[in-house]
Amino acid sequence: MLRKLLLISLSLLTTITIIACDNNTTLTTETTESTSTTTTVTTKLTTTTKLIDLIPSDCSSIEIVDGWVPTWCDEFQYEGGVDTTKWNHQTGGGGFGNNELQYYTSRPENAYVDGEYLTITALKENYSTNEYTSSKIWTQGIANFKYGKIEMRAKLPSGRGTWPAFWMMPTLSRYGGWPKSGEIDIMEHVGYDPNVVLGTLHTERFYGTNGRGVSTDSLLTNGTLSSIDVLNEFHTYGIIWTETSIEWFFDGHSLGSVGFSPTKYQTDPSSVDWPFDQNFYIILNLAIGGNWGGAQGVDNTIFPTRFVIDYVRVYQQDYISDDVENPTSPTMPQVLSNIDRNAYLTWKASTDDNAIKRYLIYVNGNYKTSTSVNGILLTGLLPGTDNFVDIIAEDYSGKLSNPLETVITTAP
Ligand SMILES: [Ca+2]
Ligand SMILES: [Ca+2]
């Protein structure tokens, strides 16, 4: 949701457990990311372990289509409160930075699983200083995700004043507080505009109402669908998130995508436009009122109103099992800025029979860093000299391309 500020307190960061991150998941501890106060560990799949062996038992009935392997799910096939091994409740009122009107509780009146569905119910009732109650659940502190296919099947609440969302926020906010570390809105809907569902990315450059995204309107205007009823019917809402793009889907129909643009924004580090190379966690909530949901007021005759979720699933593509070819060499190096000892370098992306995991960057023969996108801000280059840069693409099975060699000449 828009302007969800400062939700991540540093104290939470030490509790993070990585469950189903990366396309190459689990088993061997590979790298340690550190901030000034916290540490988290990401893991790497050894080439002897197949993704298919990592399907959680409660996701084992999910069909594998087009190589998408379920690595995390909640099918809501139990009764009572939400499964606390998968979700935490965020409780409280206070408007959440958007002047929202609800108080989020963890009571069954507001969130209940009946063996088939999770129902989040918004009620008109006085609670604390709020006039409405509802629920918000998230995987923060339990499960984090990077890349893959993330999907929900749900029926949306109806009525003016409702604002349901299925979205993701960054686990560590490595690039800074909102919006610098990004926000991925997979599905947002406001009750006063019932026929439109939006998907949006927020970044340091594109935040607030300037976020970049898609709408289900595209399926109506291009004739793919003749009508969309999200209130009375179940539909799937999802994204496919890769190293360089996020594409939204409604019932499997593409709504469009937003990607990394290395040559468009010439002098910035990638994170200003593309902070989506870090772990994110999943959030489900039903807000009432707020800057967007309440823009046309709240109809108090709609309550109780319900957001009914059949499942939430995360899939990862198996990029390792059938990988045969090495990536092609990167080409067309371009220095987009070269100021002091810092240069922004881009290149034409490599291709592969599966997918490019990252580019390894060497400067003057020494390993410098890696990046998942085809652009990097190189800092601390030697002054007044030719800096020899090698760029090597790596796929998910560890196969390497031939190096692209280029020279960056710095001022004295
Ligand atoms: Ca279900
Ligand atoms: Ca390959």
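**Strand partners and odd angles**

Me: P170 sits across from F280 in β19. What makes β12 and β19 a pair?

Reply: Two strands pair if DSSP finds at least two bridges between them. Strand β12 (residues 162-170) and strand β19 (residues 280-288) have nine bridges, in the antiparallel sense, so they count as paired. One reminder before we go on: this is a predicted model, where local features need pLDDT of at least 70, side-chain atom pairs count only at pLDDT 80 or more, and totals for chains, interfaces and linings use all residues. Residues are numbered from 1 along each chain as its sequence is written, while chains are lettered from A and ligands numbered from 1 in the order in which they are written.

Me: What makes something a strand with a number like β12?

Reply: Strands are DSSP runs of E with at least two residues, helices are runs of H or I with at least four, and the numbering starts from the N terminus.

Me: Which sheet do β12 and β19 belong to, and in what order do its strands come?

Reply: They're in an open sheet of seven strands, ordered β5-β10-β19-β12-β13-β14-β15, with antiparallel pairing.

Me: Why are β5 and β15 called edge strands?

Reply: β5 (88-89) and β15 (212-215) each have a single partner strand, so one side of each has no neighbour in the sheet.

Me: Which strands stand at the edges of the sheet β24-β23-β26-β27?

Reply: That's an open sheet of four strands, again with antiparallel pairing. Its edges are β24 (366-371) and β27 (404-409), each with a single partner strand, so one side of each is left free of a neighbour in the sheet. Direction ignored, neighbouring strands here are turned by 30° against each other on average; the axes behind such angles are lines fitted to C-alpha atoms, for helices over the stretch in contact, and angles run from 0 to 180 degrees between N-to-C directions. Inside this sheet, strand β23 (residues 356-363) and strand β26 (residues 386-395) share seven antiparallel bridges, and V363 faces V389 in β26.

Me: How do you know that β22 is mostly covered?

Reply: Count neighbours: a residue is buried if 20 or more other C-beta atoms lie within 10 Å of its own, exposed if 12 or fewer, and partly exposed in between, with C-beta atoms placed from the backbone. In strand β22 (residues 342-348), five of the seven residues are buried.

Me: What joins β22 to β21?

Reply: Six bridges link strand β21 (residues 331-339) to β22, running antiparallel, with N338 opposite A343 in β22. They form a hairpin with two residues between them, and D340 in the turn has a positive phi of about 55°. β22 also pairs with strand β25 (residues 375-378), antiparallel and over four bridges.

Me: Is D66 buried or exposed?

Reply: D66 has 7 other C-beta atoms within 10 Å, and 12 or fewer means exposed, so D66 is exposed. D66 lies in the loop between β2 (39-44) and β3, and its phi is near 55°, a positive value in a residue other than glycine.

Me: Why is D251 called partly exposed?

Reply: D251 has 16 C-beta neighbours inside 10 Å. That number falls between the two cut-offs, so D251 counts as partly exposed. Its phi is near 50°, also positive, and D251 sits in the loop between β17 (245-250) and β18 (253-259).
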